[in-house]
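Please follow the chain shown below from its overall layout to the contacts between individual side chains.

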Amino acid sequence: MDWKLNKVPLDKELIKLGSLTPVSFTYESEKRYFGMVPSEVHKVYPEITYYNSKGEIGINYDYFIPVLIRAIQELEEDNTWLLKRVQKLEEAHASESENR
């Protein structure tokens, strides 16, 4: 049984992700971490963020997984379209060359 209600497909995630800034940072230690700017993520994906007890914005990075999968699918769709376009242009160019 599927408990998920009101399912809506994700769309245009690549554009949304493009507005976010990946960063590296440290906490009090010198160990480097990687993440996103929480305030930026909150503007684009408020459902992925939360406020802690100090009122600071946090990010539920696990929730990014479906968004990233959709962005990869969008890249694949774009890549497929571009490959078909290149093939058509190459065929047209070869045809032109033969007719000369």
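From the N terminus on, the elements of the chain succeed one another in the order α-β-β-α-β-β-α. That order comprises 3 helices and 4 strands. The coordinates are those of a predicted model, and every value discussed here is computed from that model.

The overall dimensions come next. Along its principal axes, the C-alpha trace spans about 75 × 45 × 20 Å. The radius of gyration of the chain is 21 Å, whereas a compact globule of 100 residues would have one near 13 Å. Buried residues account for 16% of the 100 residues in the chain. Among the contacts with a sequence separation of 6 or more, 34% join residues that lie 24 or more positions apart.

Which residues make up the largest nonpolar core? This core has 10 residues, namely Leu 17, Leu 20, Met 36, Val 41, Tyr 45, Ile 48, Ile 59, Phe 64, Val 67 and Ala 71. Helix α3, which covers residues 64-98, supplies the largest share of this core, with 3 residues. Ile 48, one of the core residues, illustrates the packing. With residues up to four places away in sequence left out, Ile 48 touches Val 41, Gly 58, Ile 59, Asn 60, Tyr 63, Phe 64 and Val 67. Several of these partners, including Val 41, Ile 59, Phe 64 and Val 67, are themselves listed in the core.

The strands offer a second view of the fold. Strand β1 (residues 22-26) and strand β2 (residues 32-36) pair in the antiparallel sense over 5 bridges. The two strands form a hairpin, with 5 residues between them. Within this pairing, Thr 26 stands opposite Arg 32 in β2.

The same region can be read through its aromatic side chains. A search of the whole structure finds 5 aromatic pairs. In one of them, Phe 25 and Tyr 33 have ring centres 5.9 Å apart and planes at 20 degrees, so this pair is stacked. Phe 25 counts as partly exposed because its relative accessibility is 24%. Tyr 33, at 30% relative accessibility, is likewise partly exposed. Phe 25 and Tyr 33 also belong, together with Tyr 27, to one aromatic cluster.

Charged side chains add a further set of connections. The whole structure contains 4 salt bridges. One of these joins the side chains of Asp 2 and Lys 7, with an N to O distance of 2.5 Å. Asp 2 is partly exposed, at 45% relative accessibility, while Lys 7 is exposed, with a relative accessible area of 56%.

Another salt bridge links Glu 13 to Lys 16, at 3.4 Å from N to O. These two residues are separated by about one helical turn because they lie 3 residues apart in helix α1 (residues 13-18). How buried or exposed are the two partners? Glu 13 is buried, with a relative accessible area of 1%, whereas Lys 16 is partly exposed at 33% relative accessibility.

Helix α3 contains Arg 70, whose side chain meets that of Glu 77 in a salt bridge of 3.2 Å, N to O. Salt bridges that share partners join Arg 70, Glu 74 and Glu 77 into one network. Glu 77 is partly exposed, with a relative accessible area of 45%. Arg 70, in contrast, counts as buried because its relative accessibility is 15%, and the threshold for a buried residue is under 20%. With residues up to four places away in sequence left out, Arg 70 touches Leu 10, Asp 11, Glu 13 and Glu 77. Glu 13 thus appears both among the contacts of Arg 70 and in the salt bridge with Lys 16.

Ile 72 is also placed in helix α3. Is this residue buried or exposed? Ile 72 counts as exposed because its relative accessibility is 57%, and exposed residues are those over 50%. The C-alpha atoms of Ile 72 and Glu 13 are separated by 9.2 Å, although the two residues are 59 residues apart along the chain.

Technical notes: Residues numbered from 1 in each chain as written. Predicted model: local features only at pLDDT ≥ 70, side-chain atom pairs only at ≥ 80, totals over all residues. Heavy atoms only, no water. Core = buried A, V, L, I, M, F, W, Y, C linked by side-chain atoms within 4.5 Å. Buried < 20%, exposed > 50% of the residue type's maximum accessible area, 1.4 Å probe, protein only. Contact = heavy atoms within 4.5 Å. Pairing = 2+ DSSP bridges. Phe/Tyr/Trp six-rings, centres within 6.5 Å; stacked < 30°, edge-to-face > 60°. Rg over C-alpha atoms; globule rule 2.2 N^0.38 Å.
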